Every structure is written in C-alpha cells, then in structure tokens.
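Dear colleague,

I am handing over the structure we spoke about, and below it you will find my notes on what came out of going through it. Please read them with the coordinates open beside you.

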Amino acid sequence: MKPEVYITRRLPAAAMKRLQEFCQPEIWDSDELAAPYEEMRARLPGKAGLLCLLTDRVDAALMDAAPGLKVISQCAVGYDNIDVAAATARGIPVGNTPGALTETTADFAFALLMAGARRIVEGMDYVRGGHWKTWGLQLLLGQDIYGATLGIVGLGRIGAAVARRARGFNMRLLYHNRQRHPEYEAELGIEYRPLDELLAESDFISLHLNLTAQSRGLIGEREFNLMKPNAVLVNTARGGVVQTEALYNALKAGRIAHAALDVTDPEPLPADHKLLTLPNITIAPHIASASTETRSRIAMMAVENLEAGLQGRPLPWPVNWVG
Ligand code: GLV
C-alpha cells in the first residue's frame with residue numbers, strides 16, 4: 001500500500017504524475033481558496049506526509065492531528081507559516097524549495113523597481129481613464145534608475161541576484177544583513193551599511209529577508225522617516241516585514257515616493273483596503289516566482305522532499321535537522 005499524503009493545492013501535471021507513483025494523495029482541490037485550517041486538521045489523521053503552501057498555517061496542533069506524520073514538504077522557499085521548532089521536537093523533517101526561484105523572483109523584484117520608478121501602472125490607469133490627450137513634457141515624471149542607489153535589505157541568494165541585475169543598470173549598491181558577506185562585496189562591489197544608514201542613503205530599497213520574530217514589522221514609521229522623499233520601497237519578501245499602517249501614512253503624506261509590493265499584510269489584500277486608494281503604489285498578488293518553469297520546478301522539488309521523507313531518507317532540501 002502506498003502511503004497516504006495530504007496536498008493543499010493541485011500541483012502542475014508533471015509533479016502530480018510523479019507524486020502518484022509513490023503515494024496516495026488527497027488534495028484540497030481549489031485554486032480559489034486556500035485549504036481552511038480546520039479542513040487540513042480534519043484530513044490529516046492517517047496521513048504520512050503533508051505537502052503544503054505558504055498560505056497554510058502548520059502548527060503543533062495540526063502536526064498532532066497526524067501522529068504518523070513523517071514529513072512536511074513546503075512548496076515555496078519561505079516557510080514562516082510552519083512551526084519548524086514544533087516539527088523538530090516531534091522528529092518531523094521539514095523541506096522547502098531553495099534556489100529554484102531565485103532568478104525568477106529577482107526578475108520580478110526588478111520589474112517592480114522599474115514599475116515604481118517610472119510609474120508604469122499610473123500610466124496605464126491614465127490611458128485607460130481616457131486622460132491621454134497629448135504628449136506631455138511634464139507628464140508622469142518618474143526617476144532615473146541608472147546611477148541611483150539601491151539598498152538591499154537581506155543579502156541572500158535573491159538579494160544578490162537583484163544586485164547583479166542592478167549592476168547592469170549602473171546602480172550604486174548598498175546592503176544590510178545580519179552577517180557581512182565579503183564574497184558578495186568582492187563580486188558585486190556592494191557596500192555594507194547599518195540599516196538606518198542604508199535607509200537614509202538609498203533611492204530604492206528592496207527587501208529580501210525571511211519573516212521571523214526579528215524581522216516582523218522591521219520597516220515602520222521611524223524607518224520611513226529616515227528614507228529620502230524620492231525613495232521607492234520594493235517588497236518581494238513577506239508583507240509582515242513592513243508595518244502596513246506606517247506604509248500607508250508614509251505614502252499618503254508623500255514621505256516616500258512609491259511602494260511596489262508583491263506581498264502585503266494582510267494577504268490577500270481586500271479590494272477595499274485603503275492602500276488601494278493611493279496613486280503611488282503598485283501591488284501584485286504574490287506572483288514573484290510565478291513563471292511556468294519555476295513553479296513546475298519548485299513543485300517537483302516539493303514532491304522529491306515528500307518522497308524522501310516518506311522513505312525515511314534525508315530530504316534533498318531540508319530546513320531542520322531531526323537527528
Ligand atoms: C514565495 O513567496 C516563496 O517563499 O517561495
């Protein structure tokens with residue numbers, strides 16, 4: 001008998017096929033809504049594996065609903081939705097999908113940076129709204145990207161990939177990170193700054209940190225007050241790194257020029273949220289890694305982690321160590 005597993009979203013076809021070779025999946029079969037917590041909890045008893053998404057809260061109580069759970073495989077690189085300490089305490093390996101989405105996410109962060117700098121979404125609204133009557137010398141003036149200073153907060157794989165793109169635009173590069181990265185400093189000519197200095201010096205600020213107890217709410221009123229009035233804030237990390245009320249106030253008051261976000265808090269952002277009343281904001285629905293190739297690749301990695309866990313082998317891409 002193949003082991004039973006619970007999958008919280010239908011995967012791309014190749015990953016679904018691979019999955020069925022080694023387990024019996026039960027699937028939350030909706031693309032419209034995330035699997036509700038109570039539904040996951042009701043479905044987990046008897047399951048040996050869980051393949052989940054960043055929308056699923058996986059806490060100790062959920063793990064305890066499936067005493068035979070042998071593996072938790074997250075189909076994403078970030079895993080702040082999972083209580084990894086609780087999994088480790090129960091001897092359950094947790095896996096994620098690092099590396100595969102680095103370049104795709106960096107492309108999107110750069111797309112947001114450019115959209116914010118050059119007011120592309122405002123331009124589209126202007127055209128759609130029927131306001132385009134003539135070429136305007138002063139119409140929708142944005143700011144130059146080349147030669148500007150980009151501050152990267154969180155210089156991991158994705159932050160470094162954004163820095164590589166920025167070099168092609170002749171940008172000056174700064175970073176802030178818990179540890180210094182001499183190898184990136186040498187490769188990219190990127191300079192370390194304490195966070196406050198980075199915020200004060202940068203024209204563009206791009207966030208690339210995991211959401212943790214330390215990074216939650218990192219960018220608030222004090223931090224916005226340090227930024228330049230022309231600053232464009234780009235967030236492809238997690239919405240919770242930025243305090244939403246402080247962001248709204250900074251944009252509304254023109255304290256900073258623009259925010260270009262792939263992630264929000266709350267997420268999803270309700271259509272009547274006050275952030276959406278602002279002209280100087282660009283928001284995408286958490287799609288930075290959403291290319292066909294990349295999403296297929298990360299689904300396959302999640303399936304490989306699941307298979308290894310079910311077979312009691314070390315996960316190819318582990319996030320915890322279960323001895
Ligand atoms: C997406 O946000 C991811 O963490 O993979």
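**Notes on the model**

Asn-170, with a relative accessibility of 55%, counts as exposed. This residue sits in the loop between helix 7 and strand 7 (172-176), and its phi is positive, at about 55°, although it is not a glycine. Please keep in mind throughout that this is a predicted model.

A positive phi also appears at Leu-140, about 50° in a residue that is not a glycine. Leu-140 belongs to the loop between helix 6 (120-128) and strand 6 (149-153), and with a relative accessible area of 26% it is partly exposed.

Two cis peptide bonds deserve a look while you are checking the backbone. One runs from Asp-265 to Pro-266, with omega near 10°, and the other runs from Glu-267 to Pro-268, with omega near -5°. Pro-266 is located in the loop between strand 11 (258-261) and strand 12 (281-283), and Pro-268 is likewise found in the loop between strand 11 and strand 12.

Turning to the ligand, the residues around it are Leu-54, Ala-76, Val-77, Gly-78, Leu-101, Arg-238 and His-286, a shell that divides into four nonpolar residues, two polar ones and one charged one. Oxygen atoms of the ligand take part in several polar contacts: one lies 2.7 Å from a polar backbone atom of Gly-78, one lies 2.8 Å from an N or O atom in the side chain of Arg-238, and one lies 2.6 Å from an N or O atom in the side chain of His-286. Of the 190 Å² of accessible area that the ligand has on its own, the protein covers 89%.

Arg-238 has a second role in these notes, as it forms a salt bridge with Asp-80 in which the closest N and O atoms are 2.9 Å apart. The pair links distant parts of the chain, with Arg-238 in the loop between strand 10 (232-235) and helix 11 (244-252) and Asp-80 in the loop between strand 4 (71-74) and helix 4, 158 residues apart. Arg-238 counts as buried because its relative accessibility, 14%, is under 20%, whereas Asp-80, at 37%, is partly exposed.

The structure holds 22 salt bridges, and I would point to a few others. Arg-90 pairs with Asp-64, the closest N and O atoms being 2.7 Å apart; since Arg-90 lies in the loop between helix 4 (84-89) and strand 5 (94-95) and Asp-64 in helix 3 (residues 60-64), the pair ties together parts that are 26 residues apart in sequence. Both partners are partly exposed, Arg-90 with a relative accessible area of 36% and Asp-64 with 46%. The side chains of Glu-103 and Arg-165 also meet in a salt bridge, at 2.8 Å from N to O. In addition, Glu-4, Glu-26, Glu-39, Arg-43 and Lys-47 are linked in a network of salt bridges.

Finally, Thr-8 lies in the loop between strand 1 (4-7) and helix 1 (13-22) and is buried, with a relative accessible area of 0%. Leaving aside residues up to four places away in sequence, Thr-8 touches Trp-28, Ala-35, Met-40, Leu-50, Leu-51, Cys-52, Leu-53 and Asp-56, and a polar atom of the Thr-8 side chain lies 3.4 Å from the backbone nitrogen of Leu-53.

With best regards

Note on methods:
Residues numbered from 1 in each chain as written. Predicted model: local features only at pLDDT ≥ 70, side-chain atom pairs only at ≥ 80, totals over all residues. Heavy atoms only, no water. Near = heavy atom within 4 Å. Polar contact = N/O pair within 3.5 Å; in protein donor to acceptor, adjacent residues only side chain to side chain. Areas by Shrake-Rupley, 256 points an atom, 1.4 Å probe, with all protein chains shown as cover. Nonpolar A, V, L, I, M, F, W, Y, C, P; charged D, E, K, R; others polar. Helix = DSSP H or I, 4+ residues; strand = E, 2+ residues; numbered from the N terminus. Buried < 20%, exposed > 50% of the residue type's maximum accessible area, 1.4 Å probe, protein only. Contact = heavy atoms within 4.5 Å. Salt bridge = Lys/Arg side-chain N within 4 Å of Asp/Glu carboxyl O.
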